[in-house]
Amino acid sequence: MKFFVDTADTADIADLAATGLLDGVTTNPSLIAKSGRDFLEVTREICALVDGPVSAEVVALDHEGMMREAEILRKIASNVCIKVPLTVDGLKTCKKLTGDGTMVNVTLCFSANQALLAAKAGATFISPFIGRHDDNGFDGLDLIRDMRLIYDNYAFGTEILAASIRHPVHVLECAKIGADVMTAPPAVIRQLFKHVLTDKGIEGFLADWAKTGQSL
Ligand code: E4P
């Protein structure tokens with residue numbers, strides 16, 4: 001399973017990239033606004049911090065506008081992945097861009113039929129929003145299950161990028177279902193490392209080591 005971090009905070013990205021476990025980054029207009037940085041400038045900086053795909057989202061709603069913005073964004077770096085919304089114009093743009101060899105992440109997916117359309121449009125990644133789906137009384141993980149089944153039925157190459165992840169159990173369940181990628185906020189990724197018994201075990205080992213009077 002690939003791990004992407006969902007943020008435009010370059011300090012967090014650099015810190016997680018240093019673990020060697022980070023495969024990419026996703027951003028969206030809300031995360032760019034939260035960073036307080038210039039969109040193109042911060043995206044350029046992020047692209048230099050990781051080798052993998054960096055999703056940068058268009059804000060136009062029409063195909064021509066999306067293509068114009070994608071042209072600007074894809075010039076930033078070779079690892080830019082253009083993020084488009086799951087709309088008719090978004091999928092039209094996806095088909096055109098992937099046909100030209102550009103990576104595309106289709107975002108704001110809330111149904112398996114939408115995911116089927118994105119795969120047919122040649123999307124590189126499809127982003128089902130689990131947390132927001134849960135918030136609205138649906139089961140986000142059921143959506144991932146249905147998508148996995150459909151994509152496997154037809155051997156679609158589109159990668160399922162589980163998004164809007166809120167906690168480690170989301171990550172665990174997505175991994176069990178077989179999502180190709182998950183993107184989570186930095187805090188959730190950091191939580192994955194933690195276990196109370198790991199901390200307790202280290203504490204015990206260090207206490208016993210101190211008793212030996214040895215050093216390395
Ligand atoms: C994914 O690409 C999105 O940026 C993200 O996961 C949205 O998550 P949220 O529902 O926590 O805003």
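Helices here are DSSP runs of H or I, at least four residues long, numbered from the N terminus. With that settled, two topics today: a pocket and a helix. Keep in mind that this is a predicted model.

Pocket first. The largest one has a volume of about 420 Å³. Its lining counts 25 residues. Closest to the centre are Asp6, Thr7, Asn28, Leu31 and Lys34.

Which helix gives the largest share of that lining? H2 does, with four residues. H2 spans residues 29-35. Helix H1, residues 10-17, also supplies at least two lining residues.

Now the chemistry of the lining. Ten residues are polar. Eight are charged, and seven are nonpolar.

Next, helix H6, residues 112-120. Which of its residues are buried? Ala112, Ala115, Ala118 and Ala119 are. Why do they line one face of the helix? Look down the axis of H6: the buried residues fall within an arc of 110 degrees, so they share one face.

Turn to the other side of H6. There, Asn113 and Lys120 are exposed. By exposed I mean over 50% relative accessible area; buried is under 20%.

What covers the buried face? The cover over the buried residues of H6 includes two helices, H5 at 88-99 and H8 at 140-153. It also includes two strands, E5 at 104-109 and E6 at 125-128.

One last point on the chain after H6. Glycine 122 follows the helix, and its phi is positive, near 80 degrees.

To recap: H2 leads the pocket lining with four residues, and H6 has its buried alanines on one face.

Terms used:
Residues numbered from 1 in each chain as written. Predicted model: local features only at pLDDT ≥ 70, side-chain atom pairs only at ≥ 80, totals over all residues. Heavy atoms only, no water. Buried < 20%, exposed > 50% of the residue type's maximum accessible area, 1.4 Å probe, protein only. Arc of directions from axis to C-beta. Contact = heavy atoms within 4.5 Å. 1 Å grid on protein atoms, 1.4 Å probe; cavity = no way out; pocket = protein on both sides within 12 Å on 5 of 7 lines; lining within 4 Å. Points joined across faces, edges and corners; volume = space filled by probe spheres on them. Nonpolar A, V, L, I, M, F, W, Y, C, P; charged D, E, K, R; others polar.
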